[in-house]
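Good morning, and thank you for making time for this presentation. Please look at the sequence and the structure before we proceed.

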Amino acid sequence: MNEFERAFAFQDRVEERTAERLEPTPYGPVLVHTRLNRVHDLNFLRALEVGDASAEELAAEAERVQGAAGIGHRRVNVRGEEQRERLEPQFVGLGWEPQRFVLMVQRRGPDRPAEHEVREVDEPTLRPLWAEAIRNEPHVKDERLVEQILEHRRDVGKAIPTRLFAAEADGRLVAHAELYSEDGVGQVENVVTLPEYRNRGLARALVLHAAAESQAAGNDLTFLVADADETTPAMYRKLGFEPLGLTYRFLKTLR
């Protein structure tokens, strides 16, 4: 496999290990987790065999499986620019939100070193910061969703070797990141700084520390995934990460 395929195979394993079950469809599996039915990253159609299917057909399969499972949204993931170009106008016409994410691989060192200390922590120590950061997300409306996302984080930690890192300011933890590692691949994930502490270099310190730990663990591939429509990919370029490819999601929120 090439790097792009290895990175996605890694992500696929983590997703499948934390799902309750996979429901087959003609276009690929629907990952289902009925207990954590509002967590987007646990409930979606992974459409890898799209062929010439329309957005309406893909949406119908998502509705069939996710509706029966009581999932609080509908989501379809696709890979490949050709499929995205064809399907995006169709999904938009159906009232779905298109989302683009860029997979970035560490190729070189950063433009400058980090200026903040980072320390490794355990899950109970990090949990209050996780919860505070989740509550700041615009799509999080209630504590039930906060608890579901926290439970998902715990499940990921059980499914894949995971290390947790945090940075302090004003005497408390205000930023965090995670490192997943397996079979020579490391993924830096959930890099979040509380809003009032952003633009201080904390995320830079966390990403560089996690990437260094990935390399020290013997991983020959270290990657992360960033929202392609935000400013973060430019920051990650400065840290030595280069784009490898794009992935696409289409989302319909119900509640």
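Is Ala211 buried or exposed? Ala211 counts as buried, because its relative accessible area is 0%. I should state at the outset that this is a predicted model.

Let me stay with that residue for a moment. Ala211 belongs to helix H6. Setting aside neighbours within four places in sequence, its contacts are Gln106, Val188, Thr222 and Phe241. Ala226 lies 15 residues from Ala211 in sequence, and the two C-alpha atoms are 15 Å apart in space.

I turn now to the sheet. Eleven strands form an open sheet, in the order S1-S2-S3-S4-S11-S5-S10-S9-S8-S7-S6, and the pairing is mixed. At the edges are S1 and strand S6, residues 119-121, each of which pairs on one side only. From one strand to the next, the twist averages 30°.

Several of the pairings deserve individual mention. S4 pairs with strand S11, residues 241-253, in the antiparallel sense over 7 bridges. Within S11, Thr247 stands opposite Arg79. S8 and S9 also run antiparallel, and 7 bridges join them. There, Tyr180 has Gln187 of S9 as its bridge partner. The hairpin of S8 and S9 has 2 residues between the strands, and in this hairpin Asp183 takes a positive phi near 55°. S9 and S10, by contrast, run parallel and are joined by 3 bridges. Val185 has its bridge partner, Leu221, in S10.

How many of the 9 residues of S9 are buried? The number is 7, so S9 is largely enclosed by the rest of the structure.

At the edge strand S1 we find Leu22. Leu22 counts as partly exposed, because its relative accessibility is 37%. Not counting residues up to four places away in sequence, Leu22 touches Glu16, Pro29, Val30 and Leu31. Leu45 is 23 residues from Leu22 in sequence, and their C-alpha atoms are 9.4 Å apart in space.

Next, I consider the helices that meet the sheet, beginning with H2. Helix H2 comprises 14 residues, 55-68; at 1.5 Å a residue it should span 20 Å, and its end C-alpha atoms are indeed 20 Å apart, which agrees.

Which residues of H2 are buried? They are Ala55, Leu58, Ala59, Glu61, Ala62, Val65 and Gln66. Because these residues cover an arc of only 160° around the axis, they are on the same side of H2. Glu56 and Ala68, on the other side of H2, are exposed.

What do the buried residues of H2 pack against? Their partners are strand S1 (21-23), strand S2 (30-32), strand S3 (44-46), strand S4 (73-79) and helix H3 (81-93). As for its orientation, H2 lies across S1, S2, S3 and S4, and runs at about 130° to S4. Another helix, H5, residues 143-159, packs on the sheet and touches strand S7 (162-169), strand S8 (172-182) and strand S9 (185-193). The direction of H5 makes about 40° with that of S8. Returning briefly to H2, the helix is followed by Gly70, whose phi is positive, near 75°.

I come finally to the interior. In soluble globular proteins, nonpolar side chains tend to be buried together. In this model, the largest nonpolar core has 44 residues, and those with the most contacts inside it are Leu126, Leu206, Leu224, Tyr236 and Phe241. At least two residues of this core come from each of the following: strand S5 (97-106), helix H4 (123-135), H5, S7, S8, S9, helix H6 (202-216) and strand S10 (221-227).

Which element gives the most to this core? That element is H6, with 7 residues.

Leu206 illustrates how such a residue is surrounded. Leaving aside neighbours within four places in sequence, Leu206 is in contact with Val118, Phe165, Ala166, Ala167, Ala175, His176 and Ala177. There is also a second, separate core of 21 residues, which includes Ala59, Ile71, Val76 and Phe250. Ala59 has already appeared in this talk, among the buried residues of H2.

In closing, I would ask you to keep two items in view as you examine the model. One is the open sheet of 11 strands; the other is the nonpolar core of 44 residues, to which H6 gives the most. Thank you for your attention.

Terms used:
Residues numbered from 1 in each chain as written. Predicted model: local features only at pLDDT ≥ 70, side-chain atom pairs only at ≥ 80, totals over all residues. Heavy atoms only, no water. Helix = DSSP H or I, 4+ residues; strand = E, 2+ residues; numbered from the N terminus. Expected span 1.5 Å × (residues − 1). Buried < 20%, exposed > 50% of the residue type's maximum accessible area, 1.4 Å probe, protein only. Arc of directions from axis to C-beta. Contact = heavy atoms within 4.5 Å. Pairing = 2+ DSSP bridges. Axes fitted to C-alpha atoms, helices over the stretch in contact; angles between N-to-C directions. Core = buried A, V, L, I, M, F, W, Y, C linked by side-chain atoms within 4.5 Å.
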